[in-house]
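Here is a short note for anyone opening this entry for the first time. Please read it with the structure at hand.

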Amino acid sequence: MPFNLRDEDYELKYKTKLKGAVIRAKTYPQALLKGYDIHLAAHVHPPVGTLSAIVKSAGGNVIHGLDQVKDYSKTIFVACEEDMDEALSAVKKGIWTFSSDWFMSCIMKQELDLGAPQFAESL
């Protein structure tokens with residue numbers, strides 16, 4: 001931490017300071033998604049393999065189907081337009097449903113924004 005971290009492009013895109021995100025990640029490693037099951041839709045970008053690695057590094061658990069949901073209030077479904085039918089099914093069950101852009105923004109900020117508009121609401 002002897003160097004001042006600053007990235008103007010990052011700050012404009014994610015509306016947060018890079019230094020703050022790094023401090024949160026170092027202070028609470030693998031805490032961002034701890035206790036959450038994350039289901040990744042088949043067509044998300046970045047690809048499922050990449051997002052799965054990110055979920056695990058953030059402390060989350062990847063599940064591979066809505067039938068594996070144990071607690072709807074602790075499950076997040078990451079979807080894209082091609083997976084709309086499954087996303088709507090998740091919403092009807094009370095599962096948090098967001099886009100991969102939302103997911104990556106949360107990772108980059110190291111802040112879980114469950115108050116953001118959900119995926120189906122944003123279309």
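**Notes on a predicted model**

1. Start with Thr97. Leaving aside residues up to four places away in sequence, Thr97 touches Phe77, Ala79, Ala87, Ala90, Val91, Gln118 and Phe119. Keep in mind that the model is predicted.

2. Where does Thr97 lie? Thr97 is part of strand β4, which runs over residues 96–99. Is Thr97 buried or exposed? Its relative accessible area is 0%. The cut-off for buried is under 20%, so Thr97 counts as buried.

3. Turn next to helix α3, residues 48–57. Its buried residues are Leu51, Ser52, Ile54 and Val55. Viewed down the axis of α3, these buried residues fall within an arc of 165 degrees, so they line one face of the helix.

4. The other side of α3 reads differently: Gly49 and Lys56 are exposed there.

5. What covers the buried residues of α3? The cover includes two strands, β1 (37–40) and β2 (61–63). Helix α5 (100–109) is also among the covering elements.

6. Look just past the helix as well. Gly59 follows α3, and its phi is positive, near 90 degrees.

7. Finally, the record. An unreviewed UniProt entry carries the annotation "domain: BRCT" for residues 28–112. In the model, the chain over residues 28–112 is 34% helix and 19% strand. The end C-alpha atoms of that stretch are 13 Å apart.

Methods: Residues are numbered from 1 along each chain as its sequence is written. This is a predicted model: local features need pLDDT of at least 70, side-chain atom pairs count only at pLDDT 80 or more; totals for chains, interfaces and linings use all residues. Side-chain values use heavy atoms; hydrogens and water are left out. Buried means under 20% relative accessible area, exposed over 50%, partly exposed in between (1.4 Å probe, protein chains only). Helices (H or I, at least four residues) and strands (E, at least two) are DSSP runs, numbered from the N terminus. The arc is that of the directions from the helix axis to the C-beta atoms. Contact means heavy atoms within 4.5 Å. UniProt positions are given in the numbering used here, feature names are shortened, and annotations may be inferred rather than shown by experiment.
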